[in-house]
Amino acid sequence: KDPVTEGLPLRCRSGLLLLQLIDSLRPGVVDWALVHRKPRRRVQCVLNCALMLELLDQKLGFRCPDVSAKDIADADSRAVRTVIGKLMNWDLLRCALPQCPPLAGGTVIGVANMLVNWHISQPHRQASMQASVGDDNGRHSASKPAIQRITMPTTCDDPSLADGVWLIAFVGAVLAAGSSRIDSHDRKQIREWLRECTAIADRNGGRGVHLCAGAIAAAQMLGVQSLIGPEDVLHGRCDLVRAFIIETITTVPREYWPSDQLGRVLRV
C-alpha cells in the first residue's frame with residue numbers, strides 16, 4: 001500500500017487540505033475568514049468540510065449528494081476519494097474544454113451520440129460492431145443492425161448507460177475517428193481489447209460493470225485521465241461521466257473529425 005494515499009483521509013478530515021486544493025484550482029474562491037485554520041474540535045472540522053462542499057457545489061459546479069461533511073471529518077476514504085476525484089475532473093475539464101470541438105448549441109452527450117451514430121452507420125463498421133456488441137442474449141448475430149441495439153442516452157446520468165453497451169461503442173467511435181495519442185499498433189490492440197471485454201461480459205451473462213470497466217480502461221489507454229470507475233456510471237454520477245466523455249472526445253484532434261454531417265456540425 002502507498003503510505004501517502006493510505007493516510008490521505010486522515011489528513012483531509014479537518015477540511016483544510018481540501019480547501020487549499022480548491023483555492024489552488026480557483027484562486028480567491030475561498031473566504032479564509034470563514035475557515036477554522038487550527039481546528040481543535042470535531043465540530044470545527046465539520047464546519048470546514050461543510051464550507052468545502054458548499055464551494056464545490058456553488059463555485060465549481062460539482063455536487064456530492066452522497067458525501068456529507070461528517071463523512072469527511074470521520075476520515076471516510078470513499079467520501080474523500082469522491083471529493084478529490086471531482087476536483088481532479090474539474091481541473092481536467094477546465095483544461096479539456098478549449099480543445100473540445102464546438103458543441104454547436106448541443107449537449108456533450110449529443111455530440112457523443114453523433115460520433116457513435118457516425119461510427120456504427122459506416123458500412124465497413126457494421127460487421128465489427130455486430131461482432132463486438134452481440135445480441136441481448138449474448139449471441140453474436142449479424143441479423144440485427146448494431147445501430148438498433150444501442151440505446152442512445154439523452155443525459156450523462158441516463159439509466160441506459162448502466163449496461164455499458166453505449167460506452168463501449170463511444171470509445172470505439174473515438175478510436176475509429178483517429179486519436180492523436182496512439183499509433184496504428186496500439187489502436188489495433190485497444191480495438192481487440194474492446195471486443196474481448198464484450199465477449200467476456202456476454203459469456204458471464206452480464207454486461208454492466210464489465211463493459212463499463214472495459215470502456216474506461218480502453219479510454220485510459222487513449223490517455224484519458226478522468227478519475228472515474230464503473231460504479232460511477234452505474235450509479236448515474238452525472239458530473240463524473242460528463243467529464244469522462246468530454247476528455248475522451250478531446251483525444252480526437254479537430255482536423256480528424258469525420259467529414260460527413262458530424263464533421264460539418266463540429267468543424268471550426
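## Salt bridges: worked exercises

At 30% relative accessibility, aspartate 66 counts as partly exposed (buried means under 20% relative accessible area, exposed over 50%, partly exposed in between; 1.4 Å probe, protein chains only). The model is predicted: local features need pLDDT of at least 70, side-chain atom pairs count only at pLDDT 80 or more, and totals for chains, interfaces and linings use all residues. Residues are numbered from 1 along each chain as its sequence is written, and side-chain values use heavy atoms, with hydrogens and water left out.

**Exercise 1.** Find the salt bridge of aspartate 74 and state what the pair ties together.

*Solution.*
1. A salt bridge is a side-chain nitrogen of Lys or Arg within 4 Å of a carboxyl oxygen of Asp or Glu.
2. For aspartate 74 the partner is arginine 42, with the closest N and O atoms 2.8 Å apart.
3. Arginine 42 belongs to helix α4 (residues 42–58) and aspartate 74 to the loop between α5 (69–73) and α6 (77–96), so the pair ties together parts that are 32 residues apart in sequence. Helices (H or I, at least four residues) and strands (E, at least two) are DSSP runs, numbered from the N terminus.

**Exercise 2.** Classify both side chains of the aspartate 232 to arginine 237 salt bridge by accessibility, then place the pair in its network.

*Solution.*
1. The N to O distance in this salt bridge is 2.6 Å.
2. Aspartate 232 has a relative accessible area of 1% and is buried.
3. Arginine 237, at 23%, counts as partly exposed.
4. Through salt bridges that share partners, Asp66, Asp71, Arg78, Asp232 and Arg237 form one network.
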